[in-house]
Amino acid sequence: MKFSDGEVSLGGVTVPGILSSLSIGSEVIFDEPKEEGKPGTTKLPMGWEDSDFSLSLVLVSDENGTCYDKLKKLVAVFKGTNDKKNPKVFTIANHHISAWGIDHAVFKRLQSSEDNKTDTIKATLSFTEHNPPIQNQAQPPKDGGASGKAENKTPGTTAKEPELSLKINVGR
């Protein structure tokens with residue numbers, strides 16, 4: 001696997017830059033009830049936080065534009081919204097990320113840095129897993145949906161698939 005051949009696509013558009021790293025992580029959610037008459041707390045595992053992952057890209061100046069032009073394109077994708085003016089949700093197309101069971105993600109953070117030695121910018125794109133709550137189709141909410149709360153996703157039900165995709169090719 002060579003990251004130097006890596007390519008990242010967001011919403012079907014290849015993102016400028018060379019993929020240099022990809023990292024993924026998650027944590028267990030703990031409930032820490034305080035028991036009366038006992039010092040400290042007891043940690044009870046309750047589930048998992050949504051996973052976070054980040055990609056590091058190197059933006060170079062070449063015949064396709066300067067590193068600043070390429071950063072501008074990344075910022076435009078990061079600040080892009082869906083038709084309801086919310087951040088976009090991307091469908092995942094990457095073996096490493098899919099191995100974690102992540103199907104959808106939201107572009108959560110963009111960072112960039114440069115130094116005075118090269119004509120490049122290092123960009124870090126951070127995403128968080130997106131598990132949208134959906135209404136159970138078999139039973140409407142007891143309050144007629146007035147509370148605005150949705151039930152958690154259950155097996156056999158599906159939410160509308162996002163139209164955008166995050167594709168990361170790492171060269172094989």
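Student: How many salt bridges does the structure hold?
Tutor: In this model, which is predicted, the structure holds two salt bridges.

Student: OK, which residue does Lys108 pair with, and how far apart are the closest N and O atoms?
Tutor: Lys108 forms a salt bridge with Asp52, and the closest N and O atoms of the two are 3.3 Å apart.

Student: And which parts of the chain does that pair tie together?
Tutor: Lys108 lies in strand β8, which covers residues 104-113, while Asp52 lies in strand β6, which covers residues 52-60, so the salt bridge ties together parts that are 56 residues apart in sequence.

Student: Are those two buried or exposed, or something in between?
Tutor: Lys108 counts as partly exposed, with a relative accessibility of 44%, and Asp52 is likewise described as partly exposed, its relative accessible area being 32%.

Student: What about Asp62, which residue is its salt-bridge partner?
Tutor: Asp62 forms its salt bridge with Lys70, and here the closest N and O atoms are 2.8 Å apart.

Student: Is Lys70 buried or exposed?
Tutor: Lys70 counts as buried, because its relative accessibility is 7% and the cut-off for buried is under 20%. Its partner Asp62, on the other hand, is partly exposed, with a relative accessible area of 32%.

Student: Back to Asp52 for a second: which side chain makes a polar contact with the side chain of Asp52?
Tutor: The side chain of Thr128 does, at 2.8 Å, and Asp52 is also the residue that forms the salt bridge with Lys108.

Student: Where is Thr128, then?
Tutor: Thr128 sits in strand β9, which spans residues 120-129, and at 19% relative accessibility Thr128 counts as buried, given that the limit for that class is under 20%.

Student: Which residues does Thr128 touch, leaving out those up to four places away in sequence?
Tutor: With those left out, Thr128 touches Asp50, Ser51, Asp52, His104, Ala105, Val106 and Lys108, a list that includes both Asp52 and Lys108, the partners in one of the salt bridges.

Student: And how far is Thr128 from Arg109, going by C-alpha atoms?
Tutor: The C-alpha atoms of Thr128 and Arg109 are separated by 9.1 Å, and the two residues are 19 residues apart along the chain.

Student: Changing topic, which residues form a nonpolar patch on the surface?
Tutor: Val28, Phe30 and Trp48 form a nonpolar patch on the surface, and together they have about 350 Å² of accessible area.

Student: Where does Phe30 sit?
Tutor: Phe30 is in strand β4, which covers residues 28-31, and Phe30 counts as partly exposed, at 41% relative accessibility.

Notes
Residues numbered from 1 in each chain as written. Predicted model: local features only at pLDDT ≥ 70, side-chain atom pairs only at ≥ 80, totals over all residues. Heavy atoms only, no water. Salt bridge = Lys/Arg side-chain N within 4 Å of Asp/Glu carboxyl O. Helix = DSSP H or I, 4+ residues; strand = E, 2+ residues; numbered from the N terminus. Buried < 20%, exposed > 50% of the residue type's maximum accessible area, 1.4 Å probe, protein only. Contact = heavy atoms within 4.5 Å. Polar contact = N/O pair within 3.5 Å; in protein donor to acceptor, adjacent residues only side chain to side chain. Patch = residues over 30% accessible without salt bridge, like charges linked within 9 Å, V, L, I, M, F, W, Y side chains within 5 Å. Areas by Shrake-Rupley, 256 points an atom, 1.4 Å probe, with all protein chains shown as cover.
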